[in-house]
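Colleague: Could you take me through this protein step by step, as you would for someone in their first year?

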Amino acid sequence: MEQNGLDLDTPAYQIERSELVKHYVTNAERGLSKAEVSKRLKEYGPNEIEQVSNRSILLIFLDQFYDLLVLLLAVAAGLAFVFEEWIEGLAIIAVILLNALIGAFMEIQAMRSMDALRKLSQKTARVVRDGSIRKVPSRSIVPGDIIFVEAGDVISADARLLTMHNLAVSEAALTGESMQVSKSVDPIKTKVALGDRRNMIFNGTMVTRGNAHAMVTNTGQRTELGKIAALTQSAEKESTPLEKKLNVLSRKMIWLTLVLGACILIIGLLQGRPPFLMIETTIALAIAAIPEGLPVVATIALARGMLRLARHNVIVKKLSAVETLGETDVLCTDKTGTLTENQMLPERICVSGHQLIVQHTSDEMRLSVSGDLKDVIDALVKVAVLCNNADLDDKEGVGDPLEVALLKLFNPYYESLALLRSQYGRVREIPFDSQTKWMATLHKDPFSDYLVAAKGALEVIIPRCKWVLTDHGVKSLDDQQGWLSMGEDLAAKGLRLLAFCYQNTKEDREDFFDTDAVFLGFVAFLDPPRSDVPEAIRQFQKAGIEVIMLTGDHLATAKNIAQKTSLITDPHAEGMLGDVLENPANSSVSSSDLMKARVFARVSPAQKLKLIELYQKEGKTVAMTGDGANDTPALKKSDIGIAMGKRGTEAAKEVADLVLEDDQLRSIVTAIKQGRGIFENIRYFVVYLLSCNLSELLVVSIAFFTNMTSPLLPLQILFINMVTDVFPALALGMNREGDKVMETPPRSRDEPIVTRSMWTSIVIYAFAISISTLGALYFATYYLELDRQLTNNFAFYTLILAQLWHVFNLTHINESFLVNAITRNVYIWLAIILCIAIVLAAYTIPVSMTVLNLTPFPAEYLLFILGFSLLPIVVIRFLKRLNIVL
């Protein structure tokens, strides 16, 4: 009982179609009724696969301890307990627990966000119910439903094929079979494996060619995909490139700690110092080296960026896409719907040497036809309606927009389009294919034998015709070039052409479309450019991003739209046909010429893929927009795939990194702008945190090697890292992207978060802060002659304030010191006020004073502390003037 949607004893693929339809108590033509659907939905439940249970909160919490930094802290805590430094050990344990709580909280929030995203991305399906095709949520599909699928659709349930036209399905997600599977409607008499059930289509697989009607046999958890999902364990999420880069930084700091720790141990033993002093110093170094707040700050900055992008209609599916956005230097975009309105409106009809203009009003289209042309128009209308898979039952129409537009235009010519279609019953169909560029249907003609109705690209249909229907009857088609020239003239004005022909035949065969057809004429559609596109393209060009149009349309049409949208400004600029991409290595067109071209027309999916590969071999970071199944290979191959949310197929949205909810090109401008800003913010706080941590390392190490009083205790360093470092770093992550962020070229894909020049600046920043702190320590020891505890506190407060003021060192030398992105960031000022308040609280609360080894001291010392803490700003500002630091 493998296919037991309704308790079948024999698998569905072994049963004749008619018998299976009877068993499921449905109707192959009319589908189920609304009442029956409600009844079965209650009985079988929604068509949903149970999600793999999320990990428990306890398991998520425990997973936070599997980290190199946490293990290093645990060793430091253990050493503190060994030497009976209970407070220090407990404080380090508290930090470890705090880190685990923060990490667990972020992971739980991420899980909830993904659940919300799944709810937002509910799939839809087309079903036949009560005799009409309807678009319904896939979760409402029930066994016995008749579904309609075509190229680009992701199938929503397991189903048995009833009728099909040239159907092929990619079942790689289910069976691992890389090749698409051609389907059949015939029953299979023997028991076969899943991959050999050629008359079945399965949930989660994708239609790559043709279309079909099928009857649903299983839904939800009873589908083959549901069975697999029940057995599948969740895969571990791979670290994003940004996380890997941050981990590299952390490892460098740890190695630095190990080297310094070994040096301290060896020198201490040679000098005969107390072992406890060496251990305490090593613990202090370990804590100073660990940028405890770095992962949390990075995650919050990225999460905030993703939320901001969501408010601008951009859903970021993959975290790594945020980083990649800033590297994008080539944007490949299709034309229709992205650069244009995606409203293909019939603008004129060309028949028998005449051009008939279509009149448009707010809610309808009208075509005035003279008596002489009535027979020609009637024939064209008949072919346009019959060779058409759209339906007007829905208010907006269901199906391909071009086919829907034809039905809306020609609907007044027949009392019922359904009646016309029933009179000319469809026998066969050859679906439109991007390779052949035509579609044909075979119909039973009530007045003769069979009628072939066909449509396609003008330059493809014309060679298949020997005759033409004119206002004087059928004539020999002697002026093919005249028709082609007329088409080129209209295409140059930005119109899209769809040619029509018919043919009478006496026999029913698979290859029914011959080269002896009667040409009827063509309809010219207008898809105007979007009003916001020219400005968006200028923004891309200003940012050093090359915009490339890839379209299956006419070259003349593509060039016209490119000029109207400012994609190309030279009216004599040459576009290229997709054929030059078939074998670029052997093409007569050089690679440099291909890289210079901005418009590619008549491009197939395979050619799109080759162009993207060509750019990537040249070291370019390529973004690709797409909406159809034919775009999925290119979307997946590109560095960042961008799918359209409104008109995009499920297949396109599935493989994309970003989804544009409004299908607007300007949303990509916003995404790249914010992506660049987010990466710059990450750099800001990484430089800030690393320079602060390195300054602590230098303070402790230099004090030890010069035999000075210990300037910082382990708990004091822990306090600085977890409190006074994290909040300013978080505030830096809130910086708005600069006004000129889209006026600079994209960064290289190989450029690390911290470049060599940035490392130089980090070291100089750290030395400036550490020298200031050690200067304060020396001043307190030898000039003020304070005791050991007061001297320690003097250095402790100096370092805290120096690190707080350090955020103002991160401005560019060309920016005003008083008015810049950092001083305008209100979160910076709030973070500084909060940190000072926390320090004052620690100074006044007895418990924290004991834990941090603090003691009251005269207020006049605060002026000295303030003065020493401001010294790094003066020094670094002077070095910026000399262009020594960034």
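What follows is a set of questions and answers about this predicted model.

Colleague: How many helices and strands are there in the protein, and what share of its residues count as buried?

Modeller: The predicted chain contains 30 helices and 25 strands. A residue counts as buried when its relative accessible area is under 20%. Of the 886 residues of the protein, the share that meets this condition is 53%.

Colleague: What percentage of the contacts with a separation of 6 or more is made by residues 24 or more positions apart?

Modeller: Here a contact means that heavy atoms lie within 4.5 Å of each other. Taking the contacts in the protein with a separation of 6 or more, residues 24 or more positions apart account for 71%.

Colleague: How do the rings of Tyr-797 and Phe-857 pair: stacked, edge-to-face or tilted?

Modeller: The structure holds 16 aromatic pairs, and one of them joins Tyr-797 and Phe-857, with 5.7 Å from centre to centre and 40° between the planes. Planes under 30 degrees apart would count as stacked and those over 60 as edge-to-face. The pair of Tyr-797 and Phe-857 is therefore described by the remaining word, tilted.

Colleague: Where in the chain do these two partners, Tyr-797 and Phe-857, lie, and how many residues apart are they?

Modeller: Tyr-797 belongs to helix 27, which covers residues 788-805, while Phe-857 sits in the loop between helix 29 (846-851) and helix 30 (861-881). Both Tyr-797 and Phe-857 are buried. Their pair links distant parts of the chain, with a separation of 60 residues.

Colleague: Why is the pair of Phe-857 and Tyr-861 given another description?

Modeller: Phe-857 and Tyr-861 are both buried, and their ring centres are 6.1 Å apart. The planes of Phe-857 and Tyr-861 stand at 20°, and planes under 30 degrees apart have a name of their own. This is why the pair of Phe-857 and Tyr-861 is called stacked.

Colleague: Which residues form one aromatic cluster with Tyr-797, Phe-857 and Tyr-861?

Modeller: The three residues just discussed, Tyr-797, Phe-857 and Tyr-861, are members of one aromatic cluster. Completing that cluster are Phe-719, Phe-779, Tyr-783, Phe-794, Phe-796, Tyr-843, Phe-864 and Phe-868.

Colleague: How does helix 27 lie against helix 30: roughly parallel, roughly perpendicular or oblique?

Modeller: The contact between them is made by residues including Phe-794, Tyr-797 and Trp-805 of helix 27 and Tyr-861, Phe-864 and Phe-868 of helix 30. Helix 27 passes helix 30 in a right-handed crossing, and the two axes come within 8 Å and cross at roughly 40°. Since an angle would have to be under 35 degrees to count as roughly parallel and from 65 to 115 to count as roughly perpendicular, that crossing angle makes helix 27 and helix 30 oblique.

Colleague: What is the handedness of the crossing between helix 24 and helix 28?

Modeller: Helix 24 (residues 714-724) and helix 28 (residues 826-844) have axes that come within 10 Å and cross at roughly 145°. Phe-719, Val-723 and Thr-724 of helix 24 make the contact with Cys-835, Ile-838, Val-839 and Ala-842 of helix 28. The crossing of helix 24 and helix 28 is right-handed.

Colleague: Which ring lies under the charged end of Arg-747, and which under Arg-464?

Modeller: The charged end of Arg-747 is placed 3.4 Å from the centre of the ring it sits over, that of Phe-679. Arg-464 lies at 4.4 Å from a ring centre, over the face of Phe-513.

Colleague: Is Arg-749 buried, exposed or partly exposed, and which residues does it touch?

Modeller: Arg-749 lies in the loop between helix 25 (726-732) and helix 26 (756-783), and its relative accessible area of 33% makes it partly exposed. Its C-alpha atom is 5.8 Å from that of Glu-327, although these residues are 422 apart along the chain. Not counting residues up to four places away in sequence, Arg-749 touches Gln-616, Gly-619, Lys-620, Thr-621, Asp-639 and Glu-327.

Colleague: What is the phi of Asp-663, which is not a glycine?

Modeller: Asp-663 is found in the loop between strand 25 (658-660) and helix 23. With a relative accessible area of 3%, Asp-663 is buried. Although Asp-663 is not a glycine, its phi is positive, at about 60°.

Technical notes
Residues numbered from 1 in each chain as written. Predicted model: local features only at pLDDT ≥ 70, side-chain atom pairs only at ≥ 80, totals over all residues. Heavy atoms only, no water. Phe/Tyr/Trp six-rings, centres within 6.5 Å; stacked < 30°, edge-to-face > 60°. Helix = DSSP H or I, 4+ residues; strand = E, 2+ residues; numbered from the N terminus. Buried < 20%, exposed > 50% of the residue type's maximum accessible area, 1.4 Å probe, protein only. Lys NZ or Arg CZ within 6 Å of the ring centre and 35° of its normal. Axes fitted to C-alpha atoms, helices over the stretch in contact; angles between N-to-C directions. Parallel < 35°, antiparallel > 145°, perpendicular 65-115°, else oblique. Left-handed = near helix turned anticlockwise from the far one by under 90°.
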